Amino acid sequence: MFNQGPNYSTYTLDELFEAYSSIDKNRFPDRFKEIKTAIAQKQHGEYKCVKCGCGGYEAGQMYSAQDRFESVFDYETGKFVTVSCLDCGYTEIYKRQSSTTGSLLDFFVS
């Protein structure tokens, strides 16, 4: 019997990200591409990488201390949202403000 491999359309987004981070993309380039496509489809967003045109992304958060006082007391005023392309790794960084955090994340998730 011929094994066609996993059906990535049945994976959750978390399972797809786990598969994305653990697959050997040089050994399984077709499966790697299928995973990226499945992630982009599950995200249902309007995201398109400005560098390579990929539709899949990974969102995250980044915090930075702006002076020594903040770094000593672990007080973070520099809060940012990151959006990284799954294909080329190009990362966009957006300053996060408490009033716009939800709307910015909604832009990339919805």
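What percentage of the 110 residues of the protein counts as buried? The share is 27%, where buried stands for under 20% relative accessible area, exposed for over 50% and partly exposed for the range in between, with a 1.4 Å probe and protein chains only.

The legends below describe a predicted model, in which local features need pLDDT of at least 70 and side-chain atom pairs count only at pLDDT 80 or more, whereas totals for chains, interfaces and linings use all residues. Residues are numbered from 1 along each chain as its sequence is written, and side-chain values use heavy atoms, with hydrogens and water left out.

**Figure 1. Overall architecture of the predicted model.** The protein contains four helices and three strands, arranged from the N terminus as α-α-β-α-β-β-α. Helices (H or I, at least four residues) and strands (E, at least two) are DSSP runs, numbered from the N terminus. Among the contacts with a separation of 6 or more, 46% involve residues 24 or more positions apart; a contact means heavy atoms within 4.5 Å. The exposed area is about 7,900 Å², of which carbon and sulfur atoms supply 50%. Accessible areas come from the Shrake-Rupley method with a 1.4 Å probe, and for residues only the protein chains shown count as cover.

**Figure 2. The two sides of helix α1.** The buried residues L16, F17, A19 and Y20 belong to α1. They lie on the same side of α1 because they cover an arc of only 160° around the axis, the arc being that of the directions from the helix axis to the C-beta atoms. D14, E18, S21 and S22 are exposed on the other side of this helix. The packing partners of the buried residues of α1 are α2 and β1.

**Figure 3. Aromatic pairs.** The structure holds three aromatic pairs, two of which are described here. Rings of Phe, Tyr and Trp (its six-membered ring) pair if their centres lie within 6.5 Å; planes under 30 degrees apart count as stacked, over 60 as edge-to-face and the rest as tilted. Y20 and F32 are stacked, with 5.3 Å from centre to centre and 20° between the planes. This pair links distant parts of the chain, since Y20 lies in helix α1 (residues 13-22) and F32, twelve residues apart, in helix α2 (residues 29-43). Both Y20 and F32 are buried. A tilted pair is formed by Y47 and Y57, at 5.1 Å centre to centre and 55° between the planes. Y47 is located in the loop between α2 and β1 (57-64) and Y57 in strand β1, so the pair ties together parts that are ten residues apart in sequence. Y47 and Y57 are both buried.

**Figure 4. The three-stranded sheet.** The strands form an open sheet in the order β1-β2-β3 with antiparallel pairing. At the edges stand β1 and β3 (91-95), each with a single partner strand, so one side of each lacks a neighbour in the sheet. From one strand to the next, the twist averages 25°; axes are lines fitted to C-alpha atoms, for helices over the stretch in contact, and angles run from 0 to 180 degrees between N-to-C directions. Two strands pair if DSSP finds at least two bridges between them. Seven of the eight residues of β2 are buried, so this strand is largely enclosed by the rest of the structure.

**Figure 5. Pairing of β1 with β2.** Eight bridges join β1 and strand β2 (residues 78-85) in the antiparallel sense. G60 has T82 in β2 as its bridge partner, and Y63 stands opposite K79 of the same strand. S64, also in strand β1, is partly exposed with a relative accessible area of 27%. Although S64 and G78 are 14 residues apart along the chain, their C-alpha atoms are separated by 4.9 Å.

**Figure 6. The hairpin of β2 and β3.** The antiparallel strands β2 and β3 are joined by five bridges. The bridge partner of F80 is K95 in β3. Five residues lie between the two strands of this hairpin, and G89 in the turn has a positive phi of about 85°.

**Figure 7. The surroundings of Y57.** Y57 is a residue of strand β1 and is buried, with a relative accessible area of 4%. The C-alpha atoms of Y57 and A40 are 7.2 Å apart in space, while the two residues are 17 residues apart in sequence.
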